[in-house]
Amino acid sequence: MIITKQKPFEVIKECLRDNKKVFIAGCGECATLCKTGGPDEIAEMARMLREAGKEVTGGFVAIASCHVVGTKIEMKKLGEPVKEADAVIVLSCGAGVGSIAETYEEKNVIPGCDSLFLGNTVRVGSYDERCMTCGECILEETGGICPVTTCAKGLLNGPCGGMNNGKCEISPDIECAWVRIYRRLEKKGRLDRMEKIHEAKDYSKHTKPGVFEGEKYAKMRKRPEGGKR
Ligand code: SF4
Ligand code: SF4
C-alpha cells in the first residue's frame with residue numbers, strides 16, 4: 001500500500017489561509033490502514049480546523065480515493081456539504097488528491113498528507129519499502145528480496161566493497177541486501193542464482209507518468225494525443 005504521513009497542522013492551516021469553508025475527504029484503503037485518513041483522523045482534523053476558526057462543512061471517507069470515477073460519483077452524491085466548501089483537504093496519498101482535484105477544479109484542493117513510498121506493513125504503524133515499482137521484476141532470481149530497493153546503491157550483482165560483517169556501509173544497523181539475498185537463496189538451495197550476471201535494468205520501463213492499460217480496457221479509455229496525461 002501507499003504509506004502516508006499527515007502534514008503538520010500548521011502547514012495545512014497555511015494552505016487554507018484564503019479559505020473559510022472546508023470539506024475533509026479521506027480514503028478507506030491505504031490512508032485508513034496508515035491511520036492518516038480514516039474516520040478518526042477526519043474527526044480529529046475537523047476538531048482542529050474548528051478550533052482554528054474554520055467552518056467544516058462535512059467529511060467523508062472515499063472507498064478508495066485513487067479511484068477517479070468512483071470517488072467522483074461518491075462525492076457528487078454528497079451534495080451541499082462539498083458544494084458549499086471553498087477548499088477540500090484530502091487525507092490520502094497524492095493519487096487520491098489528484099482524483100479529487102480533477103473532480104473539483106474550481107476549489108482549493110489541499111494534500112493533507114505526504115506520500116512516502118509503496119510499503120509493506122511489518123505491523124500496524126511500522127512500514128518498510130520493499131519494491132520501487134521498477135517495471136521489470138527480478139525477485140525470482142534474488143529470493144524475493146529486492147536489491148533495487150533494499151540495497152542503498154541499488155546494486156544488481158552482489159555486494160559492494162563497503163559491506164562489513166554482513167552490514168551495509170551506510171549503517172551498522174542495516175543488513176547488507178546482498179547478504180540477505182545470499183542467505184535466502186542458500187535456504188532455498190538456489191545459490192546458483194548468485195552466479196547470474198544481471199544486465200543493467202531498463203529504466204525506460206519506469207518513465208513517468210506511469211500508464212498501464214489491460215487490453216480489455218485500452219479501447220474504452222480516451223487519452224490525449226501522445227497517450228499520457
Ligand atoms: S525488482 Fe524490485 S523494484 Fe523492481 S518490481 Fe521487483 S521488487 Fe519492485
Ligand atoms: S553494503 Fe550491501 S546493501 Fe549496502 S550499498 Fe553495499 S551492497 Fe548495497
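How do the residues of the shell around ligand 1 divide into nonpolar, polar and charged? In this predicted model, eight are nonpolar and two are polar. No charged residue belongs to the shell.

The residues surrounding ligand 1 begin with Cys131, Met132, Thr133 and Cys134. Cys137, Ile138 and Leu139 also belong to the surroundings of the ligand. Cys146, Val148 and Thr149 complete the list. Cysteines in the shell are thus Cys131, Cys134, Cys137 and Cys146. The two polar members are Thr133 and Thr149.

Apart from the ligand site, the model contains an open sheet of three strands. The strand order is S1-S6-S7, and the pairing is antiparallel. Strand S1 spans residues 2-6 and strand S7 spans residues 126-129. Both are edge strands, and each pairs on one side only. Neighbouring strands of the sheet are turned by 70° against each other on average, with direction ignored.

The pairing of S6 with S7 can be described residue by residue. Strand S6 covers residues 113-123. Four bridges join S6 to S7 in the antiparallel sense. Thr121 has Tyr127 in S7 as its bridge partner. Arg123 stands opposite Ser126 in S7. The two strands, S6 and S7, form a hairpin. Two residues lie between them. Gly125 is in the turn and has a positive phi of about 90°.

Conventions
Residues are numbered from 1 along each chain as its sequence is written. Chains are lettered from A and ligands numbered from 1 in the order in which they are written. This is a predicted model: local features need pLDDT of at least 70, side-chain atom pairs count only at pLDDT 80 or more; totals for chains, interfaces and linings use all residues. Two strands pair if DSSP finds at least two bridges between them. Axes are lines fitted to C-alpha atoms, for helices over the stretch in contact, and angles run from 0 to 180 degrees between N-to-C directions. A residue is near a molecule or strand if its C-beta atom, placed from the backbone, lies within 6 Å of it.
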